[in-house]
Amino acid sequence: MLPAIHDTGTGAPVLFLHAFTLDASQWDHQVAALSGDMRCIRVDLWGCGSSPAPPAGEPALDGFAAAVLAALDSLNIDKVAVVGLSMGGYLAFTLWRLAPQRIRALALCNTRATADTAAARGDRLAMAEQVEREQSVESIVEPMVARMLSPGAHDEAHIVDPVRGRIRRCSPAGIAFAQRAMAARPDSTALLASIDVPALVIAGSRDAIIPTQEVRAMADGITDARYRELECGHLSNLERSRAVNQELATFLTAATMAS
Ligand code: MLT
């Protein structure tokens, strides 16, 4: 089942993959900055944004990655640069595992290559059950906002209010699918050495979900990676949108012109 697709601008295609509990609109600032020169393709995870509910069956990132590839096929797009933040990065690794020939560059923001610990997996499954039991995502809104944004950003209504709105647009089924699929994802550390396209890796110095050391270690495993650390929390593209726009513009322009 195809996800909702948002297709903006013209030029070399760039695929943006959003974080957990958010949707494609997470990338609005980047699309506004880049779509004059690039074709910005965004998808909403099943059950989030404008996408239909997740399909029946075992939740897996592979299933959604296959749907993303089918979405690109439906647009007659063969190769893309991929930009993923956090869960979007886990999906980028999944795409690289399934179809590396379709990726011309990788920008990995606030993400990790490793799989979950047993404790993290348990927390994910507990949240999946909680939202299903409550048939609402309301109880996760403030805890997720507190984890994802740095303390300074909590006072910025233009950042925090849209984050709350995006979480509320996810259905309990969408949250449960994402948590179970992330809990089941394999370790991608062994894939890093196979990445032979240019990579940009962005970390947030105040990221409470994925510490900079982990992001740095991931970048060190990729041959052609530029590592950038920004002063911000987990959602670097929202808290430091101008800096991320500049990094992406420079990186994507060079990467798409070179190939
Ligand atoms: C995200 O921002 O996508 C999630 O926090 C990732 C995760 O839960 O590992």
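**Tyr-90, Arg-112 and the spaces around helix α3**

Let me begin at the ligand: one of its oxygen atoms lies 2.6 Å from an N or O atom in the side chain of Tyr-90. The model is a predicted one, in which local features need pLDDT of at least 70 and side-chain atom pairs count only at pLDDT 80 or more, while totals for chains, interfaces and linings use all residues. Residues are numbered from 1 along each chain as its sequence is written, and side-chain values use heavy atoms, with hydrogens and water left out.

Two other side chains approach ligand oxygen with an N or O atom: Ser-86 at 2.9 Å and Arg-124 at 2.7 Å. Which residues are around the ligand? They are Ala-19, Phe-20, Ser-86, Met-87, Tyr-90, Arg-124, Ile-209 and His-234, where a residue counts if one of its heavy atoms lies within 4 Å of the molecule.

Tyr-90 and Met-87 both belong to helix α3, and both are buried there. Helices here are DSSP runs of H or I with at least four residues, strands are runs of E with at least two, and both are numbered from the N terminus. Buried means under 20% relative accessible area, exposed over 50% and partly exposed in between, with a 1.4 Å probe and protein chains only. By that rule, ten of the twelve residues of α3 are buried, including Leu-91, Phe-93 and Trp-96. The end C-alpha atoms of α3 (residues 87-98) are 16 Å apart, which agrees with the 16 Å expected for twelve residues at 1.5 Å a residue; that expected span is 1.5 Å times one less than the number of residues.

I turn now to empty space. Rolling a probe the size of a water molecule over the atoms shows where it is left. The search uses a 1 Å grid over the protein atoms alone: a cavity is a set of points where a 1.4 Å probe fits but cannot get out, a pocket is an open set with protein on both sides within 12 Å along at least five of seven lines, and lining residues have an atom within 4 Å of a point. Points are joined across faces, edges and corners, and a volume is the space filled by probe spheres set on them.

The largest pocket has a volume of about 400 Å³. It is lined by 22 residues, of which Tyr-90, Arg-112, Arg-124, Arg-147 and Ile-209 are the closest to its centre. Helices α3, α4 (118-134), α5 (138-148) and α8 (172-183) each give two or more residues to this lining, and α4 gives the most, with four.

Where does Arg-112 lie? Its place is the loop between β5 (103-109) and α4. Arg-112 is buried, since its relative accessible area is 14%. Its side chain makes a polar contact of 2.7 Å with the side chain of Glu-214, and one of its polar side-chain atoms lies 3.2 Å from the backbone oxygen of Ile-209. A polar contact is a pair of N or O atoms within 3.5 Å; within protein, one must be able to donate a hydrogen and the other to accept it, and residues adjacent in sequence count only if both atoms are side-chain atoms.

Finally, the whole structure holds two cavities of 30 Å³ or more. The largest, at about 70 Å³, has both Tyr-90 and Arg-112 in its lining, to which α3 contributes the most, with four residues. The second largest is about 40 Å³, and among its lining residues are Met-87 and Leu-91.
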